[in-house]
Amino acid sequence: MTFVDEVKNAVTPRAALLVIGVLGLQLLFIASYVGALHKPKPTDVAFGVVAPQQMSQQLITQLDGLPGGPLDPRTVSSEAEAREQIMNRDIDGALIVSPQGRTDTLLVASGGGTVLSSALERILTQVEAGQQRTVRTVDVAPASPDDFDGLSSFYLVVGWCVGGYLCASILAISAGTKPANRQRALIRTAVMAVYAVAGGIGGAVIIGPILGALPGSVWGLAGLGALVVFSVGMITLALEALTGIVGIGLAVLIIVIAGNPSAGGAFPLPMLPDFWRAIGPALPPGAGTWVARSIAYFRGNAVTGPLLVLSAWAVAGTALTLLLSMRRRGGRDDGRTEATSSPSPSGGSTAA
C-alpha cells in the first residue's frame, strides 16, 4: 500500500471535511471573541437627566454631542423616577443636577456590570469638571462584593449552556445523532428535561448558598437555569437530528462563538460593537445573563422578553426534534432500530 493510500485510509473524505469545519470554528472563535471584546467602549448608553427646566435641554444636547457618542440622554422628571427606571432596566444611569449647589449626583447600577458603571462615572466626572462642578456617585443596584466585575451571572449561564449542549451531544453520540422514531425522541427530550432541572437547581445552589456570589431568589435562578439548559440542549438535539454530527458544531457556533461574546457578560451590551449588541439578546447566553442579573440585582424586573427568547429556543428545538424523528428512513419506520449498520460475515452490512 502506497503512502497516498495510507493517507486516504487514515483520513477519509468525511473526516477531512469535519477537520476543515473544526478549523473554521476555531478561527471564528478567535475572530468573534477578539472582535467583540478587544476594544470595549460605551456607545448610546441609555442615560437619564434630572435638571432644572432652564438647563435641562442644554445639558442633554451637550451629553448627546460627546465625542464617540457614549450616551443616549433623555429627560427624566425626578430622582425617584430615575431610580425606578434604573431598577426597571430602562436606563443604565442618571445625572441629578443640584439646582442650588455645585455638586451633582450620578446614579449607576453596578449590578448590571461594574465596567459600565465605572465608564459612566469617568465620563460624567470629565463633563462636570468642564462646568466647574463635581459629581458624587450613588450605586442604586450595587453588585455583590463577592461578584467581581459582575461576572458571576455570566459564568453561571455559560455553565448552564455548556451542560445543555454537552448532555445533548452525549445523548446523540451514544446511540446515533438522528433518532429513528418518535418514541426515542420523546425519551431523549424527557432525559433532557430532567437533566435541565437538576442542572438549574445545582447551579443556583452553588452560586447562591454555597459560594454567596449572587444574591436574589435561589428558586428564581434555578428556574432560569432549567430553561437555559433545556433550550440549549433541545436546539442541539434538533441540529443533530437535522445534520448528524455536524449539528454539534452548529450548536457550538450558535452558543459559544456567537452567543458568549455577545452576552453582555465581560462587558455589558452598551460597550459592545453594534453587531454583537444586536444579536446578543436573541441568543440563549445573552438572554440568560440578562435575566440572572435582573433576578440578583433588579428585583426580577425586565425579564419577560429574555424569557420569551429562551422559551422560543426551547419550543423550536423540541418541535424540530420531534418532527424530524417522524421522517421515514430507508423505507422503514418500525420504531425499533437506529439506522446504523454493522459488517456481516459475508463482508456486506446488515442493519444493527
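I take angles under 35 degrees as roughly parallel, over 145 as roughly antiparallel, 65 to 115 as roughly perpendicular and the rest as oblique. The model is predicted: local features need pLDDT of at least 70, side-chain atom pairs count only at pLDDT 80 or more, and totals for chains, interfaces and linings use all residues. Residues are numbered from 1 along each chain as its sequence is written, and side-chain values use heavy atoms, with hydrogens and water left out.

Entry on helices 7 and 12. I looked up helix 7 (residues 182-210) and helix 12 (residues 304-325); helices are DSSP runs of H or I, at least four residues, and strands are runs of E, at least two, numbered from the N terminus. Their axes (lines fitted to C-alpha atoms over the stretch in contact, with angles from 0 to 180 degrees between N-to-C directions) come within 8 Å and cross at roughly 155 degrees. Helix 7 and helix 12 are therefore roughly antiparallel. R182, A185, L186 and T189 of helix 7 make the contact (heavy atoms within 4.5 Å) with T318, T321, L322 and S325 of helix 12.

Entry on helices 8 and 12. I found helix 8 (residues 218-243) packed against helix 12 at about 35 degrees, with the axes 8 Å apart. Residues in this contact include F230 and M234 of helix 8 and W313 and G317 of helix 12.

Entry on the strands. I noted that strand 1 (residues 45-50) and strand 2 (residues 71-75) run parallel and are joined by five bridges; pairing takes at least two DSSP bridges. V45 has L71 as its bridge partner in strand 2.
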